[in-house]
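Colleague: I would like a close look at one part of this model, with its neighbours and its setting in the whole chain. Please keep the account plain.

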Amino acid sequence: MTIPKTIVIKYGGNAMVNEELKSEIIDRIAQLKSHGYHIVLVHGGGPFINKILDKVALKSEFIGGHRKTTKEAMRYIEMALKGEVNTGLVGLMNAKGIKAIGISGKDAGLVTTKKRYHIEADSKVDLGQVADVDEVNSQILIDLINNGYLPVVACVAADKEGVSLNINADMMAGALAGALGAEYLVLTDVDGLRRDKDDPASLMSQIRMSEIPELMKTVIVGGMIPKIESCQIALNTGSPRARIINGTKPDMLLKIMNEEVEVGTVIRK
């Protein structure tokens with residue numbers, strides 16, 4: 001079952017740490033809801049995680065775009081994501097009249113997981129308590145949406161033994177969007193995918209999934225890689241389209257309601 005006019009938004013980057021931007025984005029989300037859109041917000045929390053890990057003197061290493069996560073680090077990552085970021089967003093949304101409810105991949109078995117390894121050449125690197133989404137119980141989100149709630153999802157899950165696991169927020173968001181058959185919207189710090197990453201005028205308004213392998217060699221680099229991979233997940237599992245837009249320009253969120261206006265980079269199968 002899918003619900004019409006449902007959008008899964010991946011929220012992160014500068015738009016998350018700038019309080020004014022955060023407030024403006026939530027205002028735009030409230031406006032989307034007033035126009036009949038159903039929203040699921042999935043958030044990361046890299047800056048907040050870095051802050052708490054620095055405070056407790058735990059080093060953090062990234063391998064293939066994923067944070068290697070020890071058992072000790074996971075305790076603090078969960079504190080940051082659920083205890084600070086998630087509750088902060090939910091509180092601000094409710095203060096603005098949105099019936100937001102904070103959950104994570106753990107709640108009611110929203111997602112089941114599979115351990116993630118980093119594969120490079122012939123090597124297989126254990127990332128610790130890091131996982132990918134295996135399956136999504138989308139009915140949980142559907143029930144919340146049908147009852148007027150806006151789910152705010154932290155990218156934490158658990159394995160079959162209840163051990164906490166860290167999931168890349170982009171991957172979590174893409175999986176939820178696909179399971180809901182929802183449009184997938186990735187908020188980044190740039191206007192979209194550029195043919196020349198240093199030239200704003202080279203924005204690519206639309207691409208097909210078939211173009212991605214070639215673009216991965218030149219155009220899609222660095223932090224854009226997991227975002228594009230999450231779009232592939234969404235499209236391969238049920239989303240009609242994915243879009244990358246600039247989260248530092250909140251009005252872009254409202255422009256997506258006008259099908260005739262090109263906003264960001266739209267990715268289709």
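What follows is one request about a single strand and one connected reply.

Colleague: Take strand β13, residues 242–246. Is β13 buried or exposed, which strands pair with β13, and what does the rest of the protein look like around them?

Modeller: This is a predicted model, and everything below should be read with that in mind. I start with the strand, move to its partners, and then step back to the whole chain.

Strand β13 covers residues 242–246, and 5 of its 5 residues are buried, so the strand is largely enclosed by the rest of the structure. Its side chains point in two directions: Ala 242, Ile 244 and Asn 246 go one way, while Arg 243 and Ile 245 go the other way. The residues on both sides are buried, Arg 243 and Asn 246 included. Buried here means under 20% relative accessible area.

β13 pairs with β11, residues 183–188, in the parallel sense, through 5 bridges. Within that pairing, Ile 244 of β13 is the bridge partner of Val 186. β13 also pairs with β14, residues 265–268; this pairing is antiparallel and has 3 bridges. Here Arg 243 has Val 266 of β14 as its bridge partner.

The pairing can be followed further from β14. Strand β12 runs parallel to β14, and 3 bridges join the two. Ile 207 has Ile 267 in β14 as its bridge partner. Ile 267 also gives a way to place a loop residue: its C-alpha is 9.8 Å from that of Glu 211, although 56 residues separate the two in sequence. Glu 211 sits in the loop that links β12 (206–208) to α7 (212–215). With a relative accessible area of 31%, Glu 211 is partly exposed.

Strand β8 can be set beside β13. In β8 too, 5 of the 5 residues are buried, so this strand is also largely enclosed by the rest of the structure. Leu 150, Val 152 and Ala 154 point one way from β8, Pro 151 and Val 153 point the other way, and every one of these is buried. β8 is parallel to β2, with 3 bridges between them, and Val 42 stands opposite Val 153. β8 is parallel to β5 as well, joined by 5 bridges, and Ser 104 has Ala 154 of β8 as its bridge partner.

Helix α5 connects with this second group of strands. Its residues are 138–146, and the buried ones are Ser 138, Ile 140, Leu 141, Ile 142, Leu 144 and Ile 145. The cover over these buried residues includes β1, β2 (38–43), β5 (100–104), β7 (123–136), β8 (150–154) and α6 (169–180). After α5 comes Gly 148, with a positive phi near 85 degrees.

Two other residues have a positive phi without being glycine. Most residues other than glycine have a negative phi. Lys 5 has a phi near 60 degrees; it lies in the segment before β1 (6–11) and is partly exposed, at a relative accessible area of 42%. Ala 57 has a phi of about 60 degrees. Its place is the loop between α3 (46–55) and β3 (61–63), and at 67% relative accessibility Ala 57 counts as exposed.

Now the whole chain. The protein has 9 helices and 14 strands. Its radius of gyration is 18 Å, close to the 18 Å that the globule rule gives for 269 residues, so the protein is as compact as a globular protein of that length. The C-alpha trace spans about 50 × 45 × 35 Å along its principal axes. Of the 269 residues, 51% are buried. Among contacts with a separation of 6 or more, 73% are between residues 24 or more positions apart.

As for the surface, the protein exposes about 12400 Å², and carbon and sulfur atoms supply 49% of that area. There are 33 positive and 33 negative side chains, and the centres of the two sets are 2 Å apart.

To return to the request: β13 is buried at 5 of its 5 residues, with β11 as a parallel partner and β14 as an antiparallel partner.

Notes: Residues are numbered from 1 along each chain as its sequence is written. This is a predicted model: local features need pLDDT of at least 70, side-chain atom pairs count only at pLDDT 80 or more; totals for chains, interfaces and linings use all residues. Side-chain values use heavy atoms; hydrogens and water are left out. Buried means under 20% relative accessible area, exposed over 50%, partly exposed in between (1.4 Å probe, protein chains only). Helices (H or I, at least four residues) and strands (E, at least two) are DSSP runs, numbered from the N terminus. Two strands pair if DSSP finds at least two bridges between them. The radius of gyration is taken over C-alpha atoms; the globule rule is 2.2 Å times the number of residues to the power 0.38. Contact means heavy atoms within 4.5 Å. Accessible areas come from the Shrake-Rupley method with a 1.4 Å probe; for residues, only the protein chains shown count as cover. Lys and Arg count as positive and Asp and Glu as negative; His and the chain ends are not counted. The place of a charge is taken as NZ of Lys, CZ of Arg, CG of Asp or CD of Glu.
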